[in-house]
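Thank you all for coming. I would like to take a few minutes to walk through a structure that is new to most of us, going from single residues to the whole chain.

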Amino acid sequence: MKLKKVSCILLSCALIMPTLKVDAKQVVTGGEPYVNVVTTGNTITRTIDLTDLNSTTNSYNNNVSTPVYDISTSESILKQVGFTDVELNAMGDEEIIASLEDAKNITSTEVYIKIDELGNRTEVTKEECMKAVENQSKTKDSYNSNTMVHVFSSNDAVNEETDGYMRIRTVSTYISNGNYRFSGLFTWLTLPQNRWVDVLSVAAPSCAWGSNTTDLTSNLSYSIYNSKTKTTTDSNVTGSVKVKSTGIYSKYDLPNEEMLVDNPILGTTYFKSVTSMVGYIRGIGSVSTYQTAQKFNVFTQYVHLYKDYGLSPEASFSWDGTGFSVSPSITNETRIYNSFNQTSYTP
């Protein structure tokens, strides 16, 4: 008998080329940067060279090359590299602006994943993924408006007919002198019903990682629907970021469904149901020698660990250089999924 499974999803990131020198800062409120979109298999990579935006907006002042963008422009830039409203809401205005500070160019890579009841992962196109998620909401596995309102996936070995779907995003933002701001996000598009502990990490084995707390951030954002009041409450929990020699990681305790008693005499109940979930992490990494052109890989890894049959998993997490793995035992099962793109640095 398998008592539990651990699903690991390892995906990677984005291609970036440094451009400008840092001279001054200014708030930018307009402009359309150049966006390059490359689809390789089921992986979508979007790159923005902010030189175009800066030169257009700051044409009257040649000394201004590193602006500070306002929230409207910041959101517009991130949307152009694929960010969704759900992801932006999870980050929040302050982090959206901070993520683009001193940015010279940005590369965002996204992958869409289908996960079956055995935990097997298959990369699919964005169109296939979103169509499947839309269709799931129309099936008998959906809860009606008087109880739970969300579809849950079978990647937790509970539901047998619904595949899980998620998106992993890796973002590389070049700052200066070989320094990059790396970030990773996971978004459950069809949530797993069983949840316990997740780990999100970003790694670039060829880079040195800074430990300055102002450069590190992590949070788990989720929404809970109350079937009694028919209202949705948003929550954002700050995670603790740990720095390893080749990357950063953060662990999250995931929220679960609740069935509550409404009227004990009548035996009526209501539910609090998780309807969305996004994890986000960011840190600073530097290439080994910023005077030398080089290529390196950047990985975002997501580990999903859950209880099965009400038992607490016995798990030993270990850093393997590109993220976390879970050591196998008689009470858990580990699957590691990986994909990567190569980042090119040119001084």
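**A walk through the chain**

Let me begin with Ile 115, which has its place in strand S6. Before going on I should say that what you see is a predicted model, so please take everything that follows as computed from that prediction. With a relative accessibility of 2%, Ile 115 counts as buried, because the cut-off for that word is under 20%. Along the sequence, Ile 115 and Thr 190 are 75 residues apart, and yet in space their C-alpha atoms are 9.9 Å from each other.

That pair leads to the chain as a whole. How many helices and strands does the chain have? There are five helices and 24 strands. The chain has 347 residues, and 52% of them count as buried. If we take the contacts between residues at least 6 apart in sequence, 75% of them join residues at least 24 apart. As for the surface, the chain exposes about 15,000 Å², and 49% of that is supplied by carbon and sulfur atoms.

Strand S6 comes up again when we turn to helix H5, which spans residues 126-136 and whose buried residues are Cys 129, Ala 132, Val 133 and Gln 136. These four lie on the same side of H5, because the arc they cover around the axis is only 100°. There is a general point behind this: an α-helix has 3.6 residues a turn, so residues three or four places apart point the same way. What covers the buried residues of H5 includes four strands, namely S6 (105-115), S7 (121-124), S9 (164-176) and S10 (179-192).

Helix H2, residues 71-80, can be read in a similar manner, with Thr 73, Ser 74, Ile 77 and Leu 78 as residues that are buried. Looking down the axis of H2, we find its buried residues within an arc of 130°, so they line one face of the helix. Just after H2 comes Gly 82, which takes a positive phi of about 105°.

While we are on backbone angles, let me recall that most residues other than glycine have a negative phi. Against that background, Asp 102 has a phi near 65°, which is a positive value in a residue other than glycine. Asp 102 sits in the loop between helix H4 (93-99) and S6, and its relative accessible area of 18% makes it buried. Asn 177 is a further case, for its phi is positive, at about 50°, although it is not a glycine. The loop that holds Asn 177 runs between S9 and S10.

Leu 78 of helix H2 brings us to Ser 99, a residue of helix H4. Is Ser 99 buried or exposed? Ser 99 is buried, with a relative accessible area of 8%. Leaving aside residues up to four places away in sequence, Ser 99 touches Leu 78, Met 91, Thr 173, Arg 181 and Tyr 280. Between Ser 99 and Leu 78 there are 9.6 Å from C-alpha to C-alpha, with a separation of 21 residues in sequence.

Ser 99 and Leu 78 also appear in the lining of a cavity. A search of the whole structure finds one cavity of 30 Å³ or more, and the largest cavity holds about 70 Å³ of space. Its lining is made by Leu 78, Phe 83, Met 91, Ser 99, Leu 100, Ile 106, Val 171, Thr 173, Arg 181, Ser 183, Tyr 280 and Arg 282. The elements that give two or more residues to this lining are S9, S10 and strand S18 (268-287). By type, the lining of the largest cavity divides into seven nonpolar, three polar and two charged residues.

I will finish with Val 243, which is found in strand S15, residues 242-243. Val 243 is partly exposed, its relative accessible area being 31%. Not counting residues up to four places away in sequence, Val 243 touches Trp 209, Gly 210, Ser 211, Leu 216 and Ile 248. For one of these, Ser 211, the C-alpha atom is separated from that of Val 243 by 6.3 Å, although the two residues are 32 apart along the chain.

Definitions and conventions. Residues numbered from 1 in each chain as written. Predicted model: local features only at pLDDT ≥ 70, side-chain atom pairs only at ≥ 80, totals over all residues. Heavy atoms only, no water. Buried < 20%, exposed > 50% of the residue type's maximum accessible area, 1.4 Å probe, protein only. Arc of directions from axis to C-beta. Contact = heavy atoms within 4.5 Å. Areas by Shrake-Rupley, 256 points an atom, 1.4 Å probe, with all protein chains shown as cover. 1 Å grid on protein atoms, 1.4 Å probe; cavity = no way out; pocket = protein on both sides within 12 Å on 5 of 7 lines; lining within 4 Å. Points joined across faces, edges and corners; volume = space filled by probe spheres on them. Nonpolar A, V, L, I, M, F, W, Y, C, P; charged D, E, K, R; others polar.
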